[in-house]
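Student: I have a model open on my screen and would like to go through it with you. Could we take the sheets and the chain contacts in turn?

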4 protein chains.
Amino acid sequence: MLRAGIAGATGYAGIELIRLLGLHPEVQVVWAGTESYQGQELAGVYPHLRGRVDLVGQEAAAEALAGCDVVFTSLPHGVTMTLAPAVLSAGTRLIDLGADFRLRDVAAYEAWYKKAHTAPDLVAEAVYGLPELYRERVRGARLVANPGCYPTACALAAAPLLRAGAVSLEGIIFDAKSGVSGAGRGVNLGVHFSEVNENFKAYNIAGDHRHTPEIEQTLSDLAGGPVLVSFTPHLVPMTRGILATGYFTLRGSWTTEQLVDLFREFYAEEPFVRVRPAGDLPTTKQVWGSNYCDIGLKVDPRTGRVLVVSVIDNLVKGAAGQAIQNMNLMFGLPETTGLLQAAPLYP
Amino acid sequence: MLRAGIAGATGYAGIELIRLLGLHPEVQVVWAGTESYQGQELAGVYPHLRGRVDLVGQEAAAEALAGCDVVFTSLPHGVTMTLAPAVLSAGTRLIDLGADFRLRDVAAYEAWYKKAHTAPDLVAEAVYGLPELYRERVRGARLVANPGCYPTACALAAAPLLRAGAVSLEGIIFDAKSGVSGAGRGVNLGVHFSEVNENFKAYNIAGDHRHTPEIEQTLSDLAGGPVLVSFTPHLVPMTRGILATGYFTLRGSWTTEQLVDLFREFYAEEPFVRVRPAGDLPTTKQVWGSNYCDIGLKVDPRTGRVLVVSVIDNLVKGAAGQAIQNMNLMFGLPETTGLLQAAPLYP
Amino acid sequence: MLRAGIAGATGYAGIELIRLLGLHPEVQVVWAGTESYQGQELAGVYPHLRGRVDLVGQEAAAEALAGCDVVFTSLPHGVTMTLAPAVLSAGTRLIDLGADFRLRDVAAYEAWYKKAHTAPDLVAEAVYGLPELYRERVRGARLVANPGCYPTACALAAAPLLRAGAVSLEGIIFDAKSGVSGAGRGVNLGVHFSEVNENFKAYNIAGDHRHTPEIEQTLSDLAGGPVLVSFTPHLVPMTRGILATGYFTLRGSWTTEQLVDLFREFYAEEPFVRVRPAGDLPTTKQVWGSNYCDIGLKVDPRTGRVLVVSVIDNLVKGAAGQAIQNMNLMFGLPETTGLLQAAPLYP
Amino acid sequence: MLRAGIAGATGYAGIELIRLLGLHPEVQVVWAGTESYQGQELAGVYPHLRGRVDLVGQEAAAEALAGCDVVFTSLPHGVTMTLAPAVLSAGTRLIDLGADFRLRDVAAYEAWYKKAHTAPDLVAEAVYGLPELYRERVRGARLVANPGCYPTACALAAAPLLRAGAVSLEGIIFDAKSGVSGAGRGVNLGVHFSEVNENFKAYNIAGDHRHTPEIEQTLSDLAGGPVLVSFTPHLVPMTRGILATGYFTLRGSWTTEQLVDLFREFYAEEPFVRVRPAGDLPTTKQVWGSNYCDIGLKVDPRTGRVLVVSVIDNLVKGAAGQAIQNMNLMFGLPETTGLLQAAPLYP
């Protein structure tokens with residue numbers, strides 16, 4: 001039984017970790033670090049957990065976390081980098097759901113996040129935890145940077161196309177849409193129900209969103225050279241779910257069916273990527289609560305483009321579920337352990 | 001491994017049965033009866049199931065169903081009564097999620113449902129499957145009438161009070177609110193998004209709703225004599241969830257704390273009823289996707305009443321989950337088998 | 001042209017006043033008092049106003065407000081009582097959308113609002129501005145206490161019954177449901193989209209809500225003697241709208257049709273109360289954005305009760321619209337001036 | 001006083017025409033044609049209209065409509081083309097909210113709508129009623145084709161850029177998102193609340209949506225040569241509102257501020273187009289219920305693109321409001337008559 005600690009246990013990603021680890025046969029959560037609810041029963045803060053967990057909020061102290069086998073951190077950027085050295089040097093594995101170790105280029109991190117990085121050596125060691133693309137490196141990792149929610153949806157939509165050289169590296173666009181839980185549990189006018197409900201908006205457009213360099217890093221890996229993207233996030237009046245609409249200019253002549261086959265082959269062994277048949281597109285609710293990423297696509301012969309639509313649950317494949325998938329890999333467990341129980345809920 | 005058949009597999013209760021039975025270690029769904037999608041892969045109709053089930057829609061024929069160990073029926077009222085005799089005489093157990101066997105008084109059924117009953121002898125045999133109140137009878141049953149969603153929430157809110165004689169039998173009111181999935185998957189203007197969203201309404205008020213006699217039957221059992229209730233359903237712009245606000249006139253003097261204790265004792269051994277501490281009230285999302293019924297209450301000394309608030313997920317404890325709970329009892333399995341995996345999702 | 005000032009112009013009730021006064025041919029808003037946005041263009045804070053108003057946020061100072069013909073205050077309780085004396089003594093009329101002058105019993109105010117009242121003489125002078133019941137007194141008033149949103153819906157549902165003596169004064173229950181905008185624009189976890197969406201809850205039940213004594217005050221006026229009520233508020237995942245379900249025990253024998261006639265007569269001359277025909281119940285969206293209160297009812301002969309369902313838009317008839325209706329009365333304008341332009345929007 | 005008839009009065013666009021014409025001082029609706037509710041009071045079908053209109057549903061017969069001064073048609077495609085000749089030959093003006101007269105190329109109509117056109121001569125005469133671009137031609141028109149909702153949002157986002165030659169004609173993308181009312185009032189699984197709520201999807205992507213050629217027709221007019229676009233519609237879980245995110249490749253070097261200025265000049269005299277300052281983007285709710293189109297934009301120097309975000313209320317500027325704007329022009333009334341009363345509602 002692995003002993004797991006969570007730093008940031010009462011945020012939305014943290015509480016989803018607790019749900020999912022509760023379904024995992026090989027893990028027990030032993031430490032629930034929280035800024036806001038120290039000394040309080042988690043089941044009081046989150047009554048949906050009543051009778052299911054017996055945890056009390058604790059300080060997210062490095063020493064305590066270092067006593068675990070594995071630690072999940074879901075903290076504001078800049079915090080995990082201060083905890084990581086002590087945790088790792090105790091032999092504990094660390095999976096960071098935040099951004100501190102996602103960008104391999106420390107200067108890029110510092111420019112986008114406006115923060116000096118205090119653990120650049122760990123950046124060099126960290127593995128970007130998108131199992132479908134970096135599985136082998138995750139297996140051996142001490143420190144995994146769990147991908148952002150948008151980058152997960154975008155990278156999985158693009159990977160087969162870029163690996164096959166089927167599309168131009170120029171002019172790639174991701175027009176992405178997210179539910180509100182992606183913004184976290186913090187309160188501000190931007191998540192006020194009366195402001196969000198029956199409303200739709202774009203935000204951080206035209207290269208302003210910090211997930212842009214993360215997406216570009218993965219796409220550049222796939223393409224073997226630098227790739228720029230337009231990434232445009234939008235806020236949908238719903239709680240969970242991300243849908244990314246990817247626009248790619250085709251190289252050569254492809255039919256929808258051929259590209260569906262390409263995607264199916266690429267993801268043939270993947271337990272959590274489901275490619276839709278030609279003519280079918282996924283919707284966010286079809287992966288609600290689960291670790292799946294569903295992908296559909298269609299060629300537009302008029303414009304020479306292919307459109308790829310990918311959906312995930314931002315809190316699962318976009319955060320807690322993917323983190324557990326990484327943990328399974330890191331500890332040599334079957335990759336799906338504990339995750340298939342999180343069946344999509346519909347409706 | 002129990003072989004289960006479902007008649008009405010592609011309605012919302014049916015598809016929730018498929019989700020939950022997919023988490024159950026002792027059951028395999030072998031027959032998915034459906035009116036609308038015969039010959040079609042379920043994963044095509046419901047893409048959230050892709051890669052998880054390998055079922056094709058079939059006719060809900062009595063002969064086929066009779067080959068199962070257990071059959072769940074989720075059909076328009078009047079249909080199950082025609083299937084039940086053949087299914088039961090084959091030795092198959094039947095759990096009806098519809099209304100055909102809920103009312104022990106056949107005349108009441110015929111009056112409320114405006115339909116002649118063709119299997120009155122089976123009405124006499126059927127057990128009302130609310131495990132918290134009728135567990136022992138469920139264990140031996142061949143035919144279980146799974147309670148309605150509203151009656152489940154109302155009965156569990158009332159039971160400790162009536163058993164203890166703590167409240168008057170006069171003037172009981174249940175003001176209940178349900179998400180839209182309770183109306184099923186059929187299309188009509190009443191479930192059109194643009195009509196429901198940002199809207200709230202009462203319907204079938206003042207004794208018009210067919211769940212009224214079902215609630216009264218259970219409350220009369222609890223009280224040992226006839227009880228009339230005012231039951232008022234409302235439609236909430238959300239998909240899942242029922243909240244029932246029960247109003248009871250106290251007999252004698254009780255504090256909130258005393259009544260919370262009464263409820264805790266009453267439900268001490270119940271795995272799916274969670275009583276909230278005094279001062280805390282449940283919300284529907286706290287049981288979302290799970291088989292729990294959460295209950296909170298408060299005494300109003302000004303008016304001499306106690307208010308009880310109970311919440312369930314109408315598709316789980318109000319339908320598919322409770323049906324599986326009954327199945328577990330009928331087949332001698334631990335009552336929670338396969339059901340605790342359905343953890344509440346929050347947010 | 002009346003010169004109007006608003007104190008609390010950037011809250012939801014304030015901004016709705018600005019929308020509605022913008023449709024009013026006899027009023028110009030000249031002062032927009034705000035705590036949070038002083039010196040800022042309102043059209044920057046609320047872009048829906050761009051091109052429609054030319055106001056800049058100002059301090060809500062008594063001297064400035066005293067230069068207006070009429071002042072609307074929409075402020076936290078306890079604040080308006082400090083502004084009112086100066087404003088009124090300048091000859092300016094005051095319409096308070098807050099609670100400071102609603103309860104005629106100063107001790108009750110102090111007990112429910114936990115605040116000493118600093119202007120008890122003005123409490124004695126203030127008129128409760130529910131035009132359908134207190135129209136004549138509003139006409140002459142200097143100071144009008146605009147009713148709370150819930151009390152408006154409840155009082156209009158009850159008035160014909162109590163005036164006619166058709167129901168018992170015992171056992172009156174209002175089970176009420178409100179959209180989220182009723183909680184105002186302030187941010188807290190209780191209005192976070194991810195907490196409210198796909199969720200439903202009761203709050204401040206069993207006599208805890210401050211609108212209870214306000215409802216009782218009006219019902220006692222109607223009945224000519226003390227009336228206690230059970231008032232239970234609930235939060236609906238929608239932005240605007242209140243629906244109150246009223247439960248009354250009938251005195252004597254009444255049919256639904258007879259009571260519909262009673263309501264129709266009672267409200268025959270009322271421009272903003274619409275009584276539904278027997279068999280029809282109102283929904284909140286049917287009055288969305290308008291000053292209407294729609295009412296439907298049904299007798300339940302089984303329990304000897306009548307259920308009355310009333311709906312309002314909490315920001316219009318429950319706040320800003322009713323305030324303008326009062327203003328029209330106070331200044332001798334036709335009562336509907338500027339208000340019928342606010343047509344209900346559907347869907 | 002103009003006498004107006006509506007064919008398709010009980011659909012969502014029709015009922016919005018009735019709301020808006022009710023605010024118009026120069027028009028009276030005298031004929032409410034409807035397929036489904038003939039002989040029924042509109043206030044019974046749509047209770048929000050109770051006390052506001054006195055219309056009874058009628059057959060949408062050409063003779064009756066020909067007796068009006070102006071007729072609005074909101075009908076399935078293919079129907080208006082059969083009514084138009086008789087209506088127009090009686091001297092009645094016709095504003096078609098459907099698609100029959102939008103495409104000047106009859107062959108394109110027949111290809112996209114899979115229907116033979118029976119009035120090609122009227123296609124030649126019809127004026128595309130986007131006042132901001134075709135105002136002068138609308139003034140003299142007998143027959144106006146009211147633009148589709150998506151094409152309105154897209155054309156207004158693109159017009160200043162194309163007229164100024166600021167962007168390439170290659171690679172234009174509109175990623176558009178709409179509320180559910182755009183799909184009309186007809187019932188089908190695609191508008192079922194439980195299917196739409198907490199869900200987000202793309203549909204008719206990659207050149208499948210019929211609004212594609214309509215957008216291209218207008219953009220080609222603006223550019224003076226053929227333009228192809230990628231148009232991708234999505235469904236948002238909300239009732240009203242369209243947001244279009246337009247992607248354009250810049251020709252030459254432009255800053256956000258310069259382009260904002262360009263848009264401001266282009267729309268300087270437009271009463272219903274509001275250009276946001278640099279750094280500000282519109283959201284759908286900011287135009288809710290109103291005839292405004294709000295536009296914001298931002299240059300992405302990394303990719304050499306400009307992103308333009310435009311929002312409308314699909315039932316107002318995207319349908320009924322724009323139709324009235326056209327009517328005002330056709331009859332020589334001030335263009336804003338009756339439309340500014342439809343103030344945006346927020347929140």
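Student: To start, how many bridges pair strand 5 of chain A with strand 7 of chain A, and is the sense parallel or antiparallel?

Tutor: Bearing in mind that this is a predicted model, strand 5 of chain A and strand 7 (residues 143-145) of chain A pair in the parallel sense, over three bridges. Within that pairing, Ile95(A) stands opposite Val144(A) in strand 7 of chain A.

Student: And which residue stands opposite Ile95(A) in the pairing with strand 4 of chain A?

Tutor: That is Phe72(A), which faces Ile95(A) in strand 5 of chain A. Strand 4 (residues 70-73) of chain A and strand 5 (residues 93-96) of chain A are parallel to each other, with four bridges between them. The chain gets from strand 4 of chain A to strand 5 of chain A by way of helix 4 (residues 80-89) of chain A, and this β-α-β crossover is right-handed.

Student: Over to chain C: what is the strand order in its open sheet of seven strands?

Tutor: The order in that chain C sheet is 3-2-1-4-5-7-6, with parallel pairing. Its edge strands, each of which pairs on one side only, are strand 3 (57-58) and strand 6 (127-128) of chain C. Further in the same chain, strand 5 (residues 93-96) and strand 7 (residues 143-145) of chain C run parallel and are joined by three bridges, with Asp96(C) opposite Ala145(C) in strand 7 of chain C.

Student: What caps the N-terminal end of helix 5 of chain C?

Tutor: The cap is Asp105(C), which places a side-chain oxygen 2.9 Å from the backbone nitrogen of Ala107(C), at the N-terminal end of helix 5 (residues 106-113) of chain C. After helix 5 of chain C comes Lys114(C), which has a positive phi, near 50°.

Student: Chain B has an open sheet with mixed pairing, so what is its order?

Tutor: The seven strands of that open sheet in chain B are ordered 9-10-8-11-14-13-12. Strand 9 (201-202) and strand 12 (273-275) of chain B are the edge strands. Strand 8 (residues 172-178) and strand 11 (residues 242-249) of chain B pair in the antiparallel sense over six bridges, and Ala176(B) has Ala244(B) as its bridge partner in strand 11 of chain B.

Student: Now the contacts: how much area do chain D and chain A bury between them?

Tutor: Chain D and chain A bury about 4100 Å² between them, 55% of it on carbon and sulfur atoms. In chain D, the residues that lose the most area to chain A are Glu198(D), Phe200(D) and Arg302(D), which together make up 18% of what that side buries.

Student: How many salt bridges are there between chain D and chain A?

Tutor: The count is six salt bridges, and one of the pairings is Asp175(D) with Lys177(A), whose side chains meet at 3.0 Å, N to O. Between chain D and chain A there are also 40 residue pairs in polar contact. Strand 8 of chain D gives the most to the side of chain D that touches chain A, with five residues.

Student: And what does the rule find for salt bridges across the interface of chain B and chain A?

Tutor: Across that interface it finds zero salt bridges, although twelve residue pairs are in polar contact between chain B and chain A. The contact takes 34 residues from chain B and 34 residues from chain A, and the two chains bury about 2900 Å² between them, 59% of it on carbon and sulfur atoms.

Key
Residues numbered from 1 in each chain as written. Chains lettered and ligands numbered in written order. Predicted model: local features only at pLDDT ≥ 70, side-chain atom pairs only at ≥ 80, totals over all residues. Heavy atoms only, no water. Contact = heavy atoms within 4.5 Å. Buried area = accessible area lost by both parts, 1.4 Å probe. Salt bridge = Lys/Arg side-chain N within 4 Å of Asp/Glu carboxyl O. Polar contact = N/O pair within 3.5 Å; in protein donor to acceptor, adjacent residues only side chain to side chain. Pairing = 2+ DSSP bridges. Helix = DSSP H or I, 4+ residues; strand = E, 2+ residues; numbered from the N terminus. Right-handed = clockwise from strand over helix to strand, strands pointing away.
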